[in-house]
Structures are given as C-alpha cells and as structure tokens.
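The following exercises ask you to read a structure element by element and contact by contact. Please work through each task before turning to its solution.

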Amino acid sequence: MAEKKVKTFHISTYGCQMNLADSSTLVANMTSKGYQRVDDESQADLIVFNTCSVRDKAEQRVIGRLGEIKKHIKRKPHVKVAVVGCMAQRLGDELTKIAPHVNFVLGTDRIFELPNVINENEKTSKIMTAFGHEDMDLIEPIKETPFSGFVTISRGCDNFCTYCIVPYVRGSERAHSAEHIIHNVNRLVDEGVVEITLLGQNVNSYKYNDIDFPDLLRLVLKETKVPRLRFMTSHPKDLSEKLIDVLADEPRMMPHIHLPLQSGSNRILKRMGRVYKVEHYLSIVESLRKKLDYLSITTDLIVGFPTEKEEEFEQTLDVVRKVKYDAAFMFRYSVRPGTTASRYDDDIPEEDKIRRLNKLIALQQEIAIESNQREIGQIRTCLVEGKSRRSDDIMRARSEGNKTVLFKAGKIKEGEIVHLRITSADAFTLHGEIEEKN
Ligand code: SAM
Ligand code: SF4
C-alpha cells in the first residue's frame, strides 16, 4: 500500500525571536511548495517542533510534548514528527533514542530542507545536523503584528560565553549583506509595518565588508522609510560611542537598548567569559544617559553561576539598583552540556539559586515600578498595536522605550502613531490618555 503523503503541517516554536524568524521562513517555504499549515495539531500529517536549547527547562518542555503525542501517532500512524533547530542540533541521533517516533531531526543549518525530505519513504529517522548548508538569503523577515516586525541581520555567535550553548548549536557569526537587510526592511515597510527590530545574537558586532553596525543603522534609515527602528541584542564589549551617537541623533531610532549584564561581579563576569568589567558596563550606561534625554534600558541576568558567593550575588543587586533597569529577564544558571562552564562544579544548591532569583526579581519589580512611575506626566509617541486583552474599549500601544501603554482608544485604530500622556504605571504597564494625534 502506498504511504499517505504529507499534505498538512503544524508547527510549534520555542525560544527566541531567531527561532520565530526561522519558523516564519520555514512556513513560507513549505506553503510555497504546496503544503498547508493547520492550527490544530491533531489535524496535521506532519508535526514540527522548532526547539530551544538555551536552558534545560526549554528542552524538557519539548521532550514532554514528544511524550504526549505518542498516543496520537499510534492512532494515526501516517503522522510524521520533525524536531528542528537548536535542540535537534545539540542532540542529533540521541533525540531518536529519547523519542523513537521522531522521523526527522534537522539542525539549525538544515531546517529549510524539511520540505525536500518529508515525503521520502525512509524506514529509519533522518538526521541532518552538519553545518555549512545554509542559504542565508532564504531567511524571511517576520511580522509580530501587522505593524511591527523583525529583520535578521546576523546569525550565530562567536562569543562563547562559558555558560551558553548558542555558539555550538547556531554556529559562528555570519552577517547578512546590507543590501539584503535593506531589501527586507523595505519589504516589511511596503506591507505597512511601522516598527522594525533588527535581530542578531550580538547585533553590534555586525560587520559586512566595511560596514559596521552604526553604519548599517544609518544606511537603513537613509535607504528605507521605516518610521521606527530598534535592535536586539547588544553586547557591552561592542557598544561604541559611534553607536551611542546614532541612537542620540537619529529621531527614528527608538530610545531603548537591551544590554545584558549577566552578573555584577567582575570575578563571575570573567568566569562567564563576558570580557568586560562592571566599571566598563556602567561607563556605557553613563554615556548613554548623558547623550540621550530619554532611554529605556533592559537586561539579562543569571544567578547561581558556579562558585557565585553571596556577596557576589549582592554585587549584581547593587548594579541593578545603580542602573535602574526598566525591565530584566532573570534566570537561574542551568548547566548546558558541552559548554566550558559545564566542566565547572554546579555547586550552588538549587534552593540558593531559587532564593537569589526571587530576591532579584523582587528588587527588579520595585525598580521597574519606580522607573515606570517616572514616566507619569510625560508624553510618549506610541505605535498602536491592538486591543487590550481585558477590554475592547482599551487599546494597547508600544512606547518608544518599548513599554506597553494602555489607553481609551476612541476613534484611534491599530497601526496609528499616537501621542499619549502617561497617567499611571505599575511594574509592567503604563496607562495613558491621548494628547494629540499625529
Ligand atoms: N545573545 C544574547 C545575549 O548575549 O544576551 C542572547 C543569548 S540567550 C538566548 C538569552 C539569555 O539567556 C542570555 O543573555 C543569558 O542571560 C541566558 N542564558 C544563556 N545561557 C544560560 C544558561 N546556561 N543558564 C541560564 N541562563 C542562560
Ligand atoms: Fe550566548 Fe554570549 Fe553569544 Fe549571547 S553573546 S549568544 S550569551 S555566547
């Protein structure tokens, strides 16, 4: 009997914006080849998981999902399963030992080959994880909403922070050409996108021919009509005065920077391989604040890195108090097999990691409330993104500083730029009222 061919597929995406960009490219690629995407996983001939390896928890979630779909596959044996992306890259054939019902394991450079292999009649799982097969030009820009989107400017990372799996699963840093980036920004702008975030693991180390990251920003602003431009993620070691100047003197650059600190202890930073000191980090913040009237700063922090002493954790709290972050992603250290830090003894007991994390979260929440309350009375230029989750009368907008502002909409529609006067604030949200229409 001929095997039933794959016609429909369902995709679940885990992890960062890079993975969302890859999923978006894969969906475009699959649909252009005649496969139909379905929203209901139980109706799909092919179930795809685009995965994340940054922390163990992200991997365990996928392993849990693979366990849950076993029964479904038993009932519908024609259904195929693909695990793609970072976890596929990291685990390779080990994944088919954990979950033998997985048919395809495609690493980060092989994701877009999925449509070529899904209808091959193979009895064993297909595992493709070799690097060097990527077609950079395939990578699609993505729309987060009809009015905001992401354009990838570089892939991979060369930094090898000792805790991090990214350089192993995503390979070394490769930059897209400025022409390609400008083309993708223009594509989104032509489709009505108002705000674009340029994306990379370390955007500010961008280099293509003679063009560095500040040059790229100026070029994108010159060659496109994008009204609002952002970027993510910046590494403190590559944050130059030249970049700060672009932020300061280009009004279409949004005044927000995501600048991961990771730790407030110089000894821990050194062990993390972050190659900057706290003093340098603080001098960047000072320069940013001096040159920009208004700037929102967000960060990533890790607690419980091997050998982190209580007073070193307290130093992280001190920097958080000094910088007064607008928001932070905060994590407990998670051992990633194969990384340099995985050879260190993971000696901080789990209960200490949790206690430190909770203390950090509580402090950051207090600081976020203060920082948001400093916005009260200010007028922010915001992009209206849609209705609020709670009420049809209340709209949700994104401020220049990347904060959510809720306001009574009246006749204002999605996609418009509005001036909102901030009237109240909590740790996560601002509330405002319309000041005047653009
Ligand atoms: N390239 C970006 C950077 O350097 O900030 C993002 C990398 S990673 C996807 C996002 C964040 O995850 C990191 O900034 C770090 O705080 C956290 N992270 C990475 N590896 C981790 C680990 N092994 N344990 C806990 N958190 C980790
Ligand atoms: Fe990981 Fe460091 Fe690269 Fe960020 S800069 S992706 S934390 S190795």
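**Exercise 1: The shell around ligand 2**

The residues of the shell around ligand 2 fall into seven nonpolar, three polar and one charged. The model is a predicted one, and the task is to name the residues that surround ligand 2.

Solution. Begin with the stretch that supplies C157, N159, F160, C161, Y163, C164, V166 and P167, which are among the residues surrounding ligand 2. Then add Q201, H235 and R274, which complete the list. With a salt-bridge-forming or charged side chain in mind, recall that the division by class leaves one charged residue in this shell.

**Exercise 2: The site of ligand 1**

Determine which residues are closest to ligand 1, which polar contacts they make, and how much of the ligand the protein buries.

Solution. First, the shell: 15 residues surround ligand 1, and the closest are R55, Q201, Q262, D300 and S334. By class, this shell has six nonpolar, four polar and five charged residues.

Second, the contacts: a polar side-chain atom of Q262 is 2.7 Å from an oxygen atom of ligand 1, and a side-chain N or O atom of D300 lies 2.6 Å from an oxygen atom of the ligand. Y163 takes part through its backbone, where an N or O atom lies 3.0 Å from a nitrogen atom of ligand 1. These distances can be set against the cut-off for a polar contact, a pair of N or O atoms within 3.5 Å.

Third, the burial: ligand 1 taken alone exposes 560 Å², and the protein buries 90% of that area. The elements giving two or more residues to the shell are β16 (296-303) and β17 (327-332).

**Exercise 3: The sheet that contains β16 and β17**

Work out the strand order of this sheet and explain why one side of each edge strand has no neighbour in the sheet.

Solution. Three strands make up an open sheet with parallel pairing, in the order β15-β16-β17. β15 (256-258) and β17 are at the edges and each has a single partner strand, so one side of each is left without a neighbour in the sheet. On average, neighbouring strands here are turned by 10 degrees against each other, direction ignored. Looking at one pair, β16 and β17 are joined in the parallel sense over six bridges, and D300 stands opposite F329 in β17.

**Exercise 4: The six-stranded sheet and a hairpin**

Find the order of the six-stranded sheet, and then describe the pairing of β19 with β20.

Solution. The open sheet of six strands runs in the order β2-β1-β3-β4-β5-β6, with parallel pairing. Its edges are β2 (36-37) and β6 (126-128), each with a single partner strand, so one side of each lacks a neighbour in the sheet. Strand β5 (residues 104-106) pairs with β6 in the parallel sense over three bridges, and L106 stands opposite M128 in β6.

By contrast in sense, strand β19 (residues 394-398) and strand β20 (residues 404-408) pair antiparallel over five bridges. Within this pair, F407 in β20 is the bridge partner of M395. The two strands form a hairpin with five residues between them, and N402 in the turn has a positive phi of about 70 degrees.

**Exercise 5: A salt bridge across the sequence**

Explain why the salt bridge between R155 and D22 ties together parts that are apart in sequence.

Solution. A search of the whole structure finds 37 salt bridges. In one of them, R155 pairs with D22, the closest N and O atoms being 2.8 Å apart. Because R155 lies in strand β9 (residues 154-155) and D22 in helix α1 (residues 17-32), the pair ties together parts that are 133 residues apart in sequence.

Methods. Residues numbered from 1 in each chain as written. Chains lettered and ligands numbered in written order. Predicted model: local features only at pLDDT ≥ 70, side-chain atom pairs only at ≥ 80, totals over all residues. Heavy atoms only, no water. Near = heavy atom within 4 Å. Polar contact = N/O pair within 3.5 Å; in protein donor to acceptor, adjacent residues only side chain to side chain. Areas by Shrake-Rupley, 256 points an atom, 1.4 Å probe, with all protein chains shown as cover. Helix = DSSP H or I, 4+ residues; strand = E, 2+ residues; numbered from the N terminus. Nonpolar A, V, L, I, M, F, W, Y, C, P; charged D, E, K, R; others polar. Pairing = 2+ DSSP bridges. Axes fitted to C-alpha atoms, helices over the stretch in contact; angles between N-to-C directions. Salt bridge = Lys/Arg side-chain N within 4 Å of Asp/Glu carboxyl O.
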